[in-house]
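Biologist: I'd like a close look at how a pair of helices packs in this one. Can you walk me through it once we have it on screen?

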Amino acid sequence: MIIDLRLPPGQMVDELSLAAEIGLGRTPVHEAVARLVIDRLVTVLPRRGLMIAPIGLEQVREIFEAREAIECGNAYFAVHHATGADLAELRHLIEAAENAREETDVLRFLEDDQLIHRYLAHIVRNTFLQDAADRILLHNLRFWRFYFTTRRAQPGTLVSHQPLLAALERRDAQEALNAMREHILVSRALLNALF
């Protein structure tokens with residue numbers, strides 16, 4: 001509900017109402033909220049309650065610095081760990097995203113983009129990097145959904161993954177790192193425009 005903006009940034013919530021809305025008891029909702037606080041998707045405001053984490057320029061800066069650190073490393077290490085089957089699956093995921101990009105189907109592209117970045121983390125076969133990437137990518141997806149609530153998709157706003165795939169297929173680790181960095185920097189520039 002937070003990621004797809006049914007609970008928008010800045011909205012105040014309480015556990016009892018959430019439990020009633022989703023049809024669960026208070027204990028599982030309390031445990032879920034505690035996890036969401038750790039994941040920085042919910043903020044506890046003392047004596048006021050719970051707030052869905054806001055999205056602002058500082059959050060954008062933090063998430064894109066984290067993405068650059070983690071995902072560029074994932075791209076670099078993926079070159080060393082990817083099997084032929086991994087690259088074939090990645091190519092399939094990227095082709096689906098390219099189709100959504102050409103059709104300017106934003107929601108489908110965002111879902112496909114998420115699958116690509118998560119799969120890249122999977123290819124590395126490092127649970128620490130995969131956990132870090134999964135957490136960061138949730139925030140990334142939320143930011144992009146928020147971005148497209150106020151902006152119309154243009155051809156350049158949905159960034160291609162083709163240069164990354166080409167570098168991985170050539171087994172060029174530095175080029176893969178650079179392609180991922182460029183992908184993230186272009187994305188970051190678009191999000192910065194929102195603020």
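How are α1 and α2 oriented to each other: roughly parallel, roughly antiparallel or roughly perpendicular?

Modeller: Bear in mind that this is a predicted model. The pair you picked is helix α1, residues 15-22, and helix α2, residues 26-38. Their axes come within 9 Å and cross at roughly 115°. Angles from 65 to 115 degrees count as roughly perpendicular, and α1 and α2 are therefore roughly perpendicular to each other. As for the hand, α1 and α2 make a right-handed crossing.

Now for the side of α1 that takes part: Glu 15, Leu 16, Leu 18, Ala 19 and Ile 22 are the residues that touch α2. Across from them, α2 brings in Arg 26, Val 29, His 30 and Val 33. Sorted by character, the residues of this contact come out as six nonpolar, one polar and two charged. Leu 16, Leu 18, Ala 19 and Ile 22 from α1 are among the nonpolar ones, along with Val 29 and Val 33 from α2. The charged residues are Glu 15 in α1 and Arg 26 in α2, and the polar one is His 30.

If you want something to hold it up against, try α4 (residues 84-102) and α7 (residues 162-169), whose axes come within 10 Å and cross at roughly 165°. Those two helices are therefore roughly antiparallel to each other, and α4 passes α7 in a left-handed crossing. The residues of that contact divide into five nonpolar, one polar and three charged.

How values were computed:
Residues are numbered from 1 along each chain as its sequence is written. This is a predicted model: local features need pLDDT of at least 70, side-chain atom pairs count only at pLDDT 80 or more; totals for chains, interfaces and linings use all residues. Side-chain values use heavy atoms; hydrogens and water are left out. Axes are lines fitted to C-alpha atoms, for helices over the stretch in contact, and angles run from 0 to 180 degrees between N-to-C directions. Helices (H or I, at least four residues) and strands (E, at least two) are DSSP runs, numbered from the N terminus. Angles under 35 degrees count as roughly parallel, over 145 as roughly antiparallel, 65 to 115 as roughly perpendicular and the rest as oblique. A crossing is left-handed if the near helix is turned anticlockwise from the far one by less than a right angle, and right-handed if clockwise. Contact means heavy atoms within 4.5 Å.
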